[in-house]
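Visitor: I am new to this structure and would like the terms explained as we go. Please show it to me.

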Amino acid sequence: MSTPVLKVTQFTVEFWVDGVWYPAAINMNFEVKAGQTLAIVGESGSGKSTVAMGVMSLLASNARTSGSIEVKGVEVLGAPAQLLQKYRGNEVAYIFQEPMTALNPVYTIGFQIIETLRNHFDMGPKEARLRAIELITLVEIPDPEKSIDKYPHQLSGGQRQRAMIAQALACDPALLIADEPTTALDVTVQAEILDLMRGLRTKLNSAILLITHDMGVVADMADEILVMQSGRMVEHGSADQIFNTPQDPYTQELLGSVPKLGSTPMRVIAPAAVEPTPVLKLDSVTIEYPKRGRIPAFVAVKDFSLEIFPGEIVGLVGESGSGKTTVGRAAIGLLPIKEGKLEVVGRDISGASQKELRQIRRNTGIVFQDPASSLNPRLPIGESIGEPLLLANIAKGKELDQMVEELLAKVELPRSYRNRYPHELSGGQRQRVGIARALALTPDILIADEPTSALDVSVQARFLDLLQELQEQLKFACLFISHDLAVVDILSHRIAVMQDGLLVETGTRDEILKSPKHPYTQRLLSAVPVPNPAEQKIRREARLASK
Amino acid sequence: MNFFKRTPKVVPRVADSDIFNKETEGLSQSQIVRGRFIRHRGAMISVFVLLSIIIFVFSALGFKILGLGYGGWWKYNSIDMTPLRSEGCPGGLGGCPTLDLLPGKNFGLGDHPFGQDDIGRDYFALVMRGAQRSLLVMFVIGIVAGLIGTVIGAVSGYFRGWVDAVLMRFNDFIITIPTIIIGSVIGFHFGNKGVLFLAVFLGLFTWSGLARLVRGEFLTLREREFVDAARVAGASNRRIIFKHILPNAVGVIIVSITLIMSGAILLESALSYLGFGVVSPDVSLGLLISQYQDSFTTRPWLFWYPGLFIIVISLCVNFIGDGLRDAFDPRQRRRLSRKERSKNHDLTTVAKAGEIN
């Protein structure tokens, strides 16, 4: 066996917070060999990024480390800055989560790759450019000769991530650290990037340290898996071992809460009342962002028709930019529609005045994507929840407090949380507050705009349970917008698929997931990584074969 | 509402003992800001010094508001003339300060601690009077400019479109007029109407920077989802602006108002120095300096004391503004001292600090 590229022994990171050292990673022991992928998985806050930053010696100034990190047999922990600079890039390269912020927007990608090359090697500008084109070809960005002179904003998200990888590969690093490399990307793009990384690993024989919370990605990439919880290593083993025979209860729980496509039985809708009138009816709706200055008008949604009946959950899936959020916002009158007809509970919203809109909104509720931004940080959550009730003149004073407490109890939060501020709550709790607010007026239709995309899997699982329970009690209709097919699979009765502002396919859940008709739906489905290494391998090969 | 019957099952969350909540558990945002401000040593000293100056200045000479007044503990006022005292003065000049902080037979305040001016008025009384005026100008400009700037910035940032265009072009227009010239014109025409009038007018021309900052803040805050949530809840524009967005912008507003105030005291001094601010027989610190600029070489105390007050007051206000800005900025982190770095760690308090960097 060769010597490991990265060897971490007894590595501990602590952070100084208000007079106490808080450990963020405790006694980490692992090694990565050439041509091998080690995945560190864990929920947010488990310390997985801290470990990666520690390996790069890029921790914040209030951190303290102990133990040992050896890269190719050389100790790097506490090494002088000069040595570190040489080893970053040359031996270890880092791929960041968000390519848009990690690439400098004022330089072309070629410039940034060439800069890395010339920093590390004695290279002339022409030589470096040729090498940069070679690298860009390697990461399969189309038309490398031209793409080298493009700025980050001229590339798509996936291409940007490719450019980042090209930059990371510039010096043939022995170790590649990828910190959530695909979290910001759509599933189809994610599948391509993962293919690329797998190909590069075999081509360049570098070791990869993959950090992610997505078990599907892990199943796709990892040879070995390290599970972290609260800064500690919980379990460490080969991918098969972890996925098939997890030992630690935390690992079992983590794997159990990952939503799997097609694993839940079909939910039956209660037989509809006589002559069901749709709660939400979109009739060939077109939504346009008006032109601003020289920027021409942008049609976000075109000729979109969908009906949602009482008590029904309709999942709306699509990749980013497909216009699904736009539909959700238009449905509660936050965006004007240009053509077509939009009816909420039998009332036409398209030409409604502000006053009428306010009436209509009493029958609707919305849960937003980002729990950090959707609650006013300066208001106690009780006030946030009570606001719709107060403004609709339903309750005041003591009575209002009572109703707010009941709503809190409904979403399984302690009543005493009424006086808390949003920043004192965890992400999942905040999202519950979001639901409580949306349900305050007992709406007929709830719009849920990616409510779980900012949550960890175990929190997401509990949140989805809660949403289902509430839906069964209250029988509201729900438009559930998500990019995650597995989540939609758990919840929805019917699914609608969107692409580039157009409705591609609608049907019951089984129709869409088991026998998709439209090629886009098929592509979307095959790109979803399954949290099972063996199955994922079969799916991957099938997908590549069909290309 | 029969569906409210379920009993809540409260699951203790690991994240509740989260490292981030350690300091903030059970605290409102304003309490956190207050705590951080109190820890800022420079700002706290400045608050103390400024308050002492205000109390000292207003109690020394007395004041009169709406008929209610207080006489003050100092024996002279700023108008009466007293015979020039010349014993013990260097070079036979009259009216030198009697304040002596060195131990000796002259130790103490003496008859005229800050000396006398050339016609025999007590200079301590004059400086106190001047400081009163200057402080008044400072606060009035702060309030007037703060109100106008906040409202104009909030309205143009919230409504955007043509409202924004019109208000911001008006703002550009105000910015292009040099304040010192506007002040001169106002002082020249209306200087005799009193210091309050001058302060209000100056406030009408110093809000432009604040308006831009508030507008910028509103432009970003209005895109946040809680604004949409409030709109869905049925909130009116006014409610959204004042109840939802403004409290989130209060940090920017407070900080820039304190900076306007420290600028205001300098502006008033500059105008009075040029002869367009406060006019005789009323005095302000700037006016005192301007009146006695010729005597700098012969009777420098006429220069020292008002200058000292200007410097101390504007320094204090600047420091307070600095402390407030730090307190409102959540990203502020202290550097670690060596002692703290080597402190023993405690592995039993396992924290989740993964994303702290």
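Visitor: In which sense do β16(A) and strand β17 of chain A pair, and over how many bridges?

Guide: This is a predicted model. In it, β16(A) and β17 (residues 445–449) of chain A pair in the parallel sense over four bridges. Pairing requires at least two bridges, so the four between these strands meet the definition. Within this pair, A:Val367 stands opposite A:Ala448 in β17(A).

Visitor: Which sheet of chain A includes these strands?

Guide: An open sheet of six strands, in the order β16-β17-β18-β13-β19-β20, with mixed pairing.

Visitor: What makes β16 and β20 of chain A edge strands?

Guide: β16 (364–367) and β20 (502–508) each have a single partner strand, so one side of each lacks a neighbour in the sheet. From one strand to the next, the twist averages 15°.

Visitor: Turning to chain B, why are α3(B) and α12(B) called oblique to each other?

Guide: The axes of helix α3 (residues 41–61) and helix α12 (residues 301–328) of chain B cross at roughly 140°. Roughly antiparallel would need an angle over 145 degrees, and roughly perpendicular covers 65 to 115. The angle fits neither class, and the two helices are therefore oblique to each other. Their axes come within 8 Å, and the crossing is left-handed.

Visitor: Which residues of α3(B) and α12(B) meet?

Guide: Among them are B:Ala43, B:Val47 and B:Leu50 in α3(B), and B:Val312, B:Phe319 and B:Asp322 in α12(B). By class, this contact has eleven nonpolar, three polar and one charged residues.

How values were computed
Residues numbered from 1 in each chain as written. Chains lettered and ligands numbered in written order. Predicted model: local features only at pLDDT ≥ 70, side-chain atom pairs only at ≥ 80, totals over all residues. Axes fitted to C-alpha atoms, helices over the stretch in contact; angles between N-to-C directions. Parallel < 35°, antiparallel > 145°, perpendicular 65-115°, else oblique. Left-handed = near helix turned anticlockwise from the far one by under 90°. Contact = placed C-beta atoms within 7 Å. Nonpolar A, V, L, I, M, F, W, Y, C, P; charged D, E, K, R; others polar.
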